[in-house]
Amino acid sequence: HRVREAVAGLLLPLSKKDGRAVFEAVGPSILGAVRQEFQRDDADKKEFLEKKNAAVLESGPLWEIPDALHDTEGWRSLETSMKCIQAMMTGCH
């Protein structure tokens with residue numbers, strides 16, 4: 001999450017300096033990430049819950065499992081992707 005926030009923070013000054021070239025370089029990747037997060041469906045949630053339940057049964061409470069993925073991670077990724085797009089649009093204006 002912190003890396004994505006840092007990238008969003010860098011895109012504004014880069015876009016102010018280099019304009020549309022920044023969007024042309026990284027925009028397709030960021031838009032692809034946005035599309036991917038909007039396509040999350042019940043199967044993704046079901047898979048997450050199955051993995052979480054299996055991990056709890058094997059290892060104990062979820063908070064004791066270091067690599068457990070929180071089910072809102074996709075929304076946080078979507079939020080920072082949108083911040084990146086906003087930064088590029090503001091910088092190119």
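Let me begin with a term: a residue is called buried when its relative accessible area is under 20%, and exposed when that value is over 50%, with partly exposed in between. By that definition, Ala-8, Leu-11 and Ser-15 are buried in helix H1. The structure before you is a predicted model, and I shall describe it from its overall plan down to individual side chains.

The overall plan comes first. The protein chain contains 4 helices and 0 strands. Read from the N terminus, its elements follow the order α-α-α-α. Of the 93 residues in the protein chain, 24% are buried. The chain exposes about 7000 Å², and 58% of that area is supplied by carbon and sulfur atoms. If we take the contacts in the chain with a separation of 6 or more, 77% of them are between residues 24 or more positions apart.

How confident is the predictor? The mean pLDDT of the protein chain is 77, and 62% of its residues reach 70 or more. Where is confidence lowest, and where is it highest? It is lowest in helix H3, residues 42–59, with a mean of 63, and highest in H1, with a mean of 91. Over residues 62–68 the pLDDT falls below 50, and in the model this stretch has 8 contacts beyond near neighbours in sequence. Where pLDDT is low, the predicted coordinates should not be read in detail.

I turn now to helix H1, which covers residues 2–18. Its 17 residues, at 1.5 Å a residue, should span 24 Å; the end C-alpha atoms are 24 Å apart, so the expectation and the model agree. Just after H1 comes Gly-19, which takes a positive phi of about 60°.

Helix H2 follows, covering residues 20–38. How far should its 19 residues span at 1.5 Å a residue? The expected span is 27 Å, and the end C-alpha atoms are 25 Å apart, which agrees. Helix H2 also has a kink of about 50° at Val-26, shortly before the proline Pro-28. The buried residues in H2 are Val-22, Gly-27, Ile-30, Val-34 and Glu-37.

Glu-37 leads us to helix H4, residues 73–92, where Ser-77 is found. Is Ser-77 buried or exposed? Its relative accessible area is 13%, and the cut-off for buried is under 20%, so Ser-77 counts as buried. Leaving aside residues up to four places away in sequence, Ser-77 touches Arg-4 and Glu-37.

Gln-86 also lies in helix H4. Its relative accessibility is 51%, and the cut-off for exposed is over 50%, so Gln-86 counts as exposed. Gln-86 and Leu-12 are 74 residues apart in sequence, yet their C-alpha atoms are 8.4 Å apart in space.

The last topic is charge. Side chains of opposite charge can pair when their charged atoms come close. How many salt bridges does the model contain? The count comes to 4, and I shall discuss three examples, among them a pair within H2.

In that pair, Arg-20 forms a salt bridge with Glu-24, with the closest N and O atoms 3.1 Å apart. Both residues lie in helix H2, 4 residues apart, or about one turn of the helix. Arg-20 and Glu-24 are both exposed.

The next example is the salt bridge between the side chains of Glu-5 and Lys-83, at 3.3 Å from N to O. This pair links distant parts of the chain, since Glu-5 is in helix H1 and Lys-83 is in helix H4, 78 residues apart. What are the relative accessible areas of these two residues? Glu-5 has 28% and is partly exposed, and Lys-83 has 32% and is also partly exposed.

Lys-83 takes part in another salt bridge, with Glu-79, where the closest N and O atoms are 3.9 Å apart. Lys-83 and Glu-79 are 4 residues apart in helix H4, so about one helical turn separates them. Glu-79 is partly exposed, with a relative accessible area of 42%. Glu-5, Glu-79 and Lys-83 are thus linked in a network of salt bridges.

To close, I return to two points. The protein chain has 4 helices, and the salt bridge of Glu-5 with Lys-83 links H1 to H4. Thank you for your attention.

Key
Residues are numbered from 1 along each chain as its sequence is written. This is a predicted model: local features need pLDDT of at least 70, side-chain atom pairs count only at pLDDT 80 or more; totals for chains, interfaces and linings use all residues. Side-chain values use heavy atoms; hydrogens and water are left out. Helices (H or I, at least four residues) and strands (E, at least two) are DSSP runs, numbered from the N terminus. Buried means under 20% relative accessible area, exposed over 50%, partly exposed in between (1.4 Å probe, protein chains only). The expected span of a helix is 1.5 Å times one less than its number of residues. The bend at a residue is the angle between axes fitted to the seven residues ending there and the seven starting there. Contact means heavy atoms within 4.5 Å. Accessible areas come from the Shrake-Rupley method with a 1.4 Å probe; for residues, only the protein chains shown count as cover. pLDDT is the predictor's confidence in each residue, from 0 to 100.
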